[in-house]
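Open the model in a viewer and keep the sequence panel beside it. The tour below goes from one selection to the next and says what is there.

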Amino acid sequence: QVQLEESGGGLVQAGGSLRLSCTASGRGFSTYDMAWFRQAPGKERERVAVISAIISPTYYTDSVKGRFTISRDNAKNTVHLQMNRLKPEDTGVYYCAAKKSRTSMYESWGQGTQVTVSS
């Protein structure tokens, strides 16, 4: 199992950009599918983007397509979420998560980083 730590959150005006990073410690990072989730106040946690372990295909929820980009660097055990053209509705706590490839449950979670987009 890997341990995850997020960084890069903050306060930004609408239309601005932020880059979130997640650093993993432990073995086997390259064998994990990595994801970013977010949770807005009063709402359920939402899966935002996923990058798979093998060949690294990606998934994005519809509301962020064309604005967010997920990437990974297996040599540095990191995954990033580049967020452009941010909107107030992107506000929330963003979590990094990891699961073994071809499994369904995310087994490792970071502590979360706050993203606030002002209008």
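Which backbone oxygen does the side chain of Ser 108 reach? Select Ser 108 to find out: the side chain goes to the backbone oxygen of Val 2, at 2.8 Å. Bear in mind throughout that this is a predicted model.

**Stop 1: Ser 108**

Stay on Ser 108, which is part of strand β10. Its relative accessible area is 4%, so Ser 108 is buried. Show what surrounds it. With neighbours within four places in sequence left aside, Ser 108 is in contact with Gln 1, Val 2, Leu 4, Cys 96, Ala 97 and Ala 98. Then add Ala 24 to the selection. From C-alpha to C-alpha, Ser 108 and Ala 24 are 9.7 Å apart in space, while 84 residues separate them in sequence.

**Stop 2: the disulfide**

Cys 96, one of the contacts of Ser 108, leads to the next selection. Select Cys 22 together with Cys 96: a disulfide joins the two, with 2.1 Å from S to S. A search of the whole structure finds one disulfide. Cys 22 sits in strand β3, residues 18–25, and Cys 96 in strand β9, residues 92–100, so this pair ties together parts that lie 74 residues apart in sequence. Look along the S-S bond: the angle about it is -80°, and the link of Cys 22 and Cys 96 is left-handed. Both of these cysteines are buried.

**Stop 3: Glu 6**

Now select Glu 6, in strand β1, which covers residues 3–7. How far away is the nearest side chain of opposite charge? That side chain belongs to Arg 45 and is 8.0 Å away; Glu 6 is buried yet has no salt bridge. A salt bridge here requires a nitrogen and an oxygen within 4 Å.

Show the backbone nitrogens around Glu 6 instead. The one of Cys 96 lies 2.8 Å from a polar atom of the Glu 6 side chain. The backbone nitrogen of Gln 111 is 3.0 Å from a polar atom of that side chain. Beyond neighbours within four places in sequence, the contacts of Glu 6 include Ser 21, Cys 22, Trp 36, Tyr 94 and Tyr 95. Gly 110, Gly 112 and Thr 113 are also among them.

**Stop 4: a salt-bridge network**

Next, select Arg 38. The structure holds five salt bridges, and Arg 38 takes part in one with Glu 46, at 2.9 Å from N to O. Arg 38 has a relative accessibility of 7% and so counts as buried, whereas Glu 46, at 28%, counts as partly exposed.

Arg 38 also forms a salt bridge with Asp 90, and the closest N and O atoms are 2.9 Å apart. Since Arg 38 lies in strand β4 and Asp 90 in the loop between β8 and β9, this pair ties together parts 52 residues apart in sequence.

Go on from Asp 90 to Arg 67, where the side chains meet in a salt bridge of 2.8 Å, N to O. Arg 67 lies in the loop between β6 (58–60) and β7, and Asp 90 in the loop between β8 and β9, so the pair ties together parts 23 residues apart in sequence. Asp 90 counts as buried at 1% relative accessibility, and Arg 67 is buried at 5%. Select Arg 38, Glu 46, Arg 67 and Asp 90 together: salt bridges that share partners join these four into one network.

**Stop 5: aromatic rings**

The structure holds three aromatic pairs. For one of them, select Phe 37 and Trp 109: the pair is tilted, with 4.8 Å from centre to centre and 55° between the planes. Phe 37 lies in strand β4 (residues 32–39) and Trp 109 in strand β10, so the pair ties together parts 72 residues apart in sequence. Phe 37 counts as buried at 10% relative accessibility, while Trp 109 is partly exposed at 34%. Add Tyr 106 to see one aromatic cluster, formed by Phe 37, Tyr 106 and Trp 109.

**Stop 6: two loop residues**

Most residues other than glycine have a negative phi. Select Asn 77 for a positive value, near 55°. Asn 77 is in the loop between β7 (68–73) and β8 (78–83) and counts as partly exposed at 21% relative accessibility.

End at Arg 102, in the loop between β9 and β10. Arg 102 is not a glycine, yet its phi is positive, about 70°. At 74% relative accessibility, Arg 102 counts as exposed.

Methods
Residues numbered from 1 in each chain as written. Predicted model: local features only at pLDDT ≥ 70, side-chain atom pairs only at ≥ 80, totals over all residues. Heavy atoms only, no water. Disulfide = S-S within 2.5 Å. Helix = DSSP H or I, 4+ residues; strand = E, 2+ residues; numbered from the N terminus. Buried < 20%, exposed > 50% of the residue type's maximum accessible area, 1.4 Å probe, protein only. Lys, Arg positive; Asp, Glu negative; His and termini not counted. Polar contact = N/O pair within 3.5 Å; in protein donor to acceptor, adjacent residues only side chain to side chain. Contact = heavy atoms within 4.5 Å. Phe/Tyr/Trp six-rings, centres within 6.5 Å; stacked < 30°, edge-to-face > 60°.
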